[in-house]
Amino acid sequence: MPDRNIEEQLTKFLTDVHSIEVQAIAQLERAPDIAVDEGLAADFRQHLGETREQERLVREQLELRGADPSTLKDIAGRVGGYAMVAFAKLNPDTPGKLTAHAFSYEHMELAAYELLARAARRAQDQPVLELAEKIGLQEKQMAERLAEDFDAAVAASLRDKDSDGIQGELVSYLTDAHAIEAQALQLLESGPKLAGVEELAQVFRDHLDETRAQRQLVEERLRAHDAKPSRFQSAAMRFGGLNLGGFFGAQPDTPAKLAGFAYAFEHLEIAGYELLRRVAERANDPETVSAAERIIVEERRAAERIAGTWDAAMDAALASLVGDPAG
Ligand SMILES: [Fe+2]
Ligand SMILES: [Fe+2]
Ligand SMILES: [Fe+2]
């Protein structure tokens with residue numbers, strides 16, 4: 001029966017968002033200690049309270065559906081489902097990286113609730129639909145607060161640094177941007193065959209060419225600062241101190257999750273370039289400022305186009321679950 005299938009899919013999505021919230025709590029408990037800036041720390045504390053309540057509301061829905069609490073515990077500890085759960089376990093060590101990481105994570109959550117809302121609408125489940133809309137709004141608002149914190153995060157990261165120190169930070173942010181573009185190329189090269197839906201595959205193909213040019217542009221800015229290729233090559237698998245191996249090792253298993261993951265990834269890039277732009281301003285490097293501004297426009301457009309595929313991705317997820325096109 002298609003109805004039973006859609007119910008099962010809804011339970012699966014609820015299980016996924018539950019594991020996302022469990023990881024978010026662990027992340028938000030650590031965040032205030034790394035934030036340095038008091039306003040940033042306060043935003044994390046506020047969202048920790050909201051997130052504990054979100055976890056409780058999602059768990060309540062799962063229990064109403066007869067999900068076994070021991071299964072919940074297992075799934076929460078597992079690095080499956082969303083690859084971003086692996087990302088949440090990484091430990092950003094500076095206010096800038098923390099803010100970029102959190103900004104991306106909130107967008108991953110937002111995507112997960114957008115998808116949950118679509119599944120709930122198809123299952124005609126009003127309580128889950130209301131839950132997804134309510135929590136999705138909180139995630140969106142937290143992401144907006146974090147965007148307003150970019151200035152403070154850069155100021156906190158550059159605090160006590162002289163002009164040599166600021167130049168060093170600029171090279172470090174450029175190195176991170178280069179590493180993240182290398183990861184983006186991997187995602188976009190394998191993306192079209194994983195996408196499952198043509199709309200999403202096309203977004204990946206279009207963004208692949210842009211991403212190659214972005215990496216080139218970042219390399220030029222690194223060379224302008226006399227950063228040797230070997231120095232940034234060796235960082236290819238790292239985003240600052242963050243090892244992305246586990247992040248990419250846990251491949252999303254459905255078009256819907258891949259769309260959510262790619263949306264979060266674009267926001268990791270957006271945050272990275274928003275921070276880079278600010279550091280470049282402080283370092284009096286207008287060429288890097290304009291490179292970052294140009295790339296941000298492309299990353300934002302890619303993110304919006306990915307968000308435009310969620311309906312199609314959800315249809316594909318449900319169709320594959322039913323396994324019977326006539327059903
Ligand atoms: Fe959140
Ligand atoms: Fe990029
Ligand atoms: Fe991108």
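This report describes the metal sites, the nonpolar core, the aromatic pairs and some salt bridges of the structure above, which is a predicted model.

**The two iron ions**

The iron ion (ligand 2) has as its protein donors two OE atoms of Glu181, OE1 of Gln214, and OE atoms of Glu269 and Glu299, which lie 2.0 to 2.2 Å from the ion. Along the sequence these donor residues follow the spacing E-x32-Q-x54-E-x29-E. Because Glu181 belongs to helix α8 (residues 163-195) and Gln214 to helix α9 (residues 198-224), this pair ties together parts that are 33 residues apart in sequence. Glu181 is buried, with a relative accessible area of 0%, and Gln214, at 1% relative accessibility, also counts as buried.

The iron ion (ligand 3) is coordinated at 1.9 to 2.2 Å by His207 through NE2 and by Glu266, Glu269 and Glu299 through OE atoms. The angles among its four donor atoms run from 86 to 170°, and the site is classed as irregular. In sequence, the donors of the iron ion (ligand 3) are spaced H-x58-E-x2-E-x29-E. Glu269 bridges the iron ion (ligand 3) and the iron ion (ligand 2), and the two ions lie 3.3 Å apart. Glu269 in helix α12 and Glu299 in helix α13 (residues 286-307) form a pair that links distant parts of the chain, 30 residues apart, and both Glu269 and Glu299 are buried.

**The nonpolar core**

The largest nonpolar core holds 99 residues, of which Phe44, Val58, Leu116, Leu200, Tyr273 and Ile306 touch the most other members. Helix α12 (residues 255-282) gives the most to this core, contributing 16 residues. If residues up to four places away in sequence are left aside, Tyr273 touches Ala177, Glu181, Val218, Ala292, Ile295, Ile296 and Glu299; among these contacts, Glu181 and Glu299 are also donors of the iron ion (ligand 2).

**Aromatic pairs**

The structure holds two aromatic pairs. Phe103 and Phe150 form an edge-to-face pair, with 5.3 Å from centre to centre and 65° between the planes. Since Phe103 lies in helix α5 (residues 95-122) and Phe150 in helix α7 (residues 150-158), the pair ties together parts that are 47 residues apart in sequence, and both Phe103 and Phe150 are buried. Tyr263 and Trp310 are likewise edge-to-face, at 4.9 Å centre to centre and 70° between the planes. Their pair links helix α12, which holds Tyr263, with helix α14 (residues 310-322), which holds Trp310, across 47 residues. Tyr263 counts as buried at 10% relative accessibility, as does Trp310 at 3%.

**Salt bridges**

A search of the whole structure finds 28 salt bridges, and the table gives examples.

| Salt bridge | Closest N to O distance |
|---|---|
| Asp16 and Lys257 | 3.2 Å |
| Glu133 and Arg121 | 3.3 Å |
| Arg278 and Glu274 | 2.9 Å |

Asp16 and Lys257 form a salt bridge that ties together parts 241 residues apart in sequence, because Asp16 lies in helix α1 (residues 2-35) and Lys257 in helix α12; both residues are buried. By contrast, Glu133 is partly exposed, with a relative accessible area of 43%, and Arg121 is partly exposed at 45%. Arg278 and Glu274 both lie in helix α12, four residues apart, which is about one turn of the helix. Salt bridges that share partners join Asp151, Glu274, Arg277, Arg278, Glu281 and Arg300 into one network.

Note on methods: Residues numbered from 1 in each chain as written. Chains lettered and ligands numbered in written order. Predicted model: local features only at pLDDT ≥ 70, side-chain atom pairs only at ≥ 80, totals over all residues. Heavy atoms only, no water. Core = buried A, V, L, I, M, F, W, Y, C linked by side-chain atoms within 4.5 Å. Buried < 20%, exposed > 50% of the residue type's maximum accessible area, 1.4 Å probe, protein only. Helix = DSSP H or I, 4+ residues; strand = E, 2+ residues; numbered from the N terminus. Contact = heavy atoms within 4.5 Å. Donors = N, O, S within 2.8 Å, 3.2 Å for Na, K, Ca; no water. Phe/Tyr/Trp six-rings, centres within 6.5 Å; stacked < 30°, edge-to-face > 60°. Tetrahedral: all angles 85-135°; square planar, octahedral: opposite > 155°, others 65-115°. Salt bridge = Lys/Arg side-chain N within 4 Å of Asp/Glu carboxyl O.
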